[in-house]
Amino acid sequence: MANSTEEAKNQMLEAIGADSVDRLFEQIPDEHLTTRQFQLPAALASEVSLKRHLLDVLGKNETCEDNLSFLGGGTWQHHVPAICDEIWTRSEFLTSVWGTPSSDLGRNQAWFEFASQMGELVDMDFVGLPVYSWGAAAGHAMRMAARMTGRNRVLVPALMDPQRIDVARTYCGFPEQVGHIDLVPVGYEPDTGRLDLADLESKLSGDVAAVYYENPTYLGVIEDQVGEIGRMARGHGVETIVGVDPTSLGLIAPPGAYGADIAVGSTQPLGIHMNGGGGVGGFIATRDEERYAREYPTLQISLTDTTVEGERAFGLTLFHQSSYGSREDGKDWTGNSVYLWTIANAAYLSALGPAGFEELGKSILRRSHYAAKRIGEIPSVSVLWPGGFFKEFVVCFDGTGRSVERINRELREQGIFGGRDLSDDFPELGESALYCVTEVHTRDDIDRLVKALEEVTS
């Protein structure tokens, strides 16, 4: 860096009372320090060379825009209206992080609109600004429930996204740590893919803080036992945390309608392009009750009166309980998160409205069920749980004698990304893959996939 001079370093060391930079890291054991020389490539000679190098590296990527993709399972290919990119890329929002009072006002209003619209979508009144991902939101919600109940176990579905549960498990800590939360899997009904209520009942006890389940599930199954799950949990004083796909809520009842205590999910389907390496957004929502509000780790936006009669203003509330307000003493650490994406989310929610979400849901339902029907007609190929699912469904290739890895490799040769391979994560499902169909897929796209699958499985 331009200001990384010896003089500048010495001035900083003198100010903090250290005689060397090494003193700042003396707590790191010697065996953790690398002494070998790294074999790094030679420095590039110019900006022109750097640009060419980066373009060459990035040019190796194969995108879902350039190929026909049926990937899902955590990041989904949805249409992003042009208005979303037009609004969130405006300099007023791009540069408005703790900026001038005027820019903060516009930013706070947009955040308030996001929270209001998300609250209406999930039928809950209290919504925080989003965290990094669905997994992060689930992890925070589990910690909220543990603090509220004073208990240290959370029941989770056995058929849960392995990456999502890994993130949540990180938030729940390790057994050696104070406040560790134990995640206990609950089985599923092999014939339906739904949560096994008998197994759930056997694991509910006085030390369970929450039951976490998803509707639709990670594998796309619509969980129609939500009322019974809630009744069973409440009978043991247990909180219910529901993970939802927001694009399903134009058709499926929202969490607030069936008494969920905490709702979480991804905001990526709401106007955010697929991307890797950055947060895609995860929301947390509850009823507007103080016992929940006091446990939020995120920033909240409220509306209040000012000193001018009849004037209203937007502002942060419960700031002190966040890591921004109390640092390590906050409820949880959320970092800078993905607040810019709330602008795109708010634009998307505004553009669709209630009727738009219903139309979106019906479109996804029709297309995904058409795809499942066509794929299920391929000899030796079957669709697990073909009845009640939304957007994603499981295709089993056991009858073909071919692995999902081989099938996907041969699909790639035809410019098609096949479904997500489930064989390692859920070996009991055999050679199966999770296929995703959204509003971007046309009938011709699905027919092309079916033709390709017929070729590679014959």
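This is a short tour of one buried residue, two pockets and two cavities, with suggestions on what to select at each stop. Keep in mind as you click along that the model is predicted.

**Stop 1: Leu204**

Start by selecting Leu204, which sits in the loop between helix 8 (197-203) and strand 5 (208-214). Is this residue buried or exposed? Leu204 counts as buried because its relative accessibility is 7%, and the cut-off for buried is under 20%.

Now show its surroundings. Leaving aside residues up to four places away in sequence, Leu204 touches Leu155, Val211, Met232, Ala233, His236 and Val238. For a distance label, pick the C-alpha atoms of Leu204 and Val154: they are 9.4 Å apart in space, while the two residues are 50 apart in sequence.

**Stop 2: the largest pocket**

Next, select Cys64, Glu65, Gln77, His78 and Met274. Of the 17 residues that line the largest pocket, these lie nearest its centre. The volume here is about 370 Å³. If you colour the lining by class, you should find six nonpolar, nine polar and two charged residues.

**Stop 3: the second largest pocket**

Move on to the second largest pocket, with a volume of about 280 Å³. It has 18 lining residues, and Gly74, Thr75, Ser133, Gln163 and Val280 are the closest to its centre. Which helix supplies the largest share of this lining? Select helix 7: three residues of the lining come from there, the largest share. Then add helix 6 (134-149) to the view, since helix 6 and helix 7 (162-172) each supply at least two lining residues. Coloured by class, the lining of the second largest pocket shows three nonpolar, twelve polar and three charged residues.

**Stop 4: the cavities**

Now for the enclosed spaces. How many cavities of 30 Å³ or more are there? The count comes to two.

For the largest cavity, with a volume of about 100 Å³, select Pro157, Gly193, Leu195, Thr217 and Glu223, the closest to its centre among 14 lining residues. That lining divides into eight nonpolar, three polar and three charged residues.

For the second largest cavity, which holds about 80 Å³ of space, you can select the whole lining: Gly73, Trp76, Trp134, Arg164, Pro216, Thr217, Tyr218, Gly220, Asp245, Phe390, Lys391 and Glu392. By class, this lining has five nonpolar, three polar and four charged residues. Keep Thr217 selected as you finish: this residue lines the second largest cavity and is also one of those closest to the centre of the largest cavity.

Methods: Residues are numbered from 1 along each chain as its sequence is written. This is a predicted model: local features need pLDDT of at least 70, side-chain atom pairs count only at pLDDT 80 or more; totals for chains, interfaces and linings use all residues. Side-chain values use heavy atoms; hydrogens and water are left out. Helices (H or I, at least four residues) and strands (E, at least two) are DSSP runs, numbered from the N terminus. Buried means under 20% relative accessible area, exposed over 50%, partly exposed in between (1.4 Å probe, protein chains only). Contact means heavy atoms within 4.5 Å. On a 1 Å grid over the protein atoms alone, a cavity is a set of points where a 1.4 Å probe fits but cannot get out, and a pocket is an open set with protein on both sides within 12 Å along at least five of seven lines; lining residues have an atom within 4 Å of a point. Grid points are joined across faces, edges and corners, and a volume is the space filled by probe spheres set on the points. Ala, Val, Leu, Ile, Met, Phe, Trp, Tyr, Cys and Pro count as nonpolar, Asp, Glu, Lys and Arg as charged, and the others, Gly among them, as polar.
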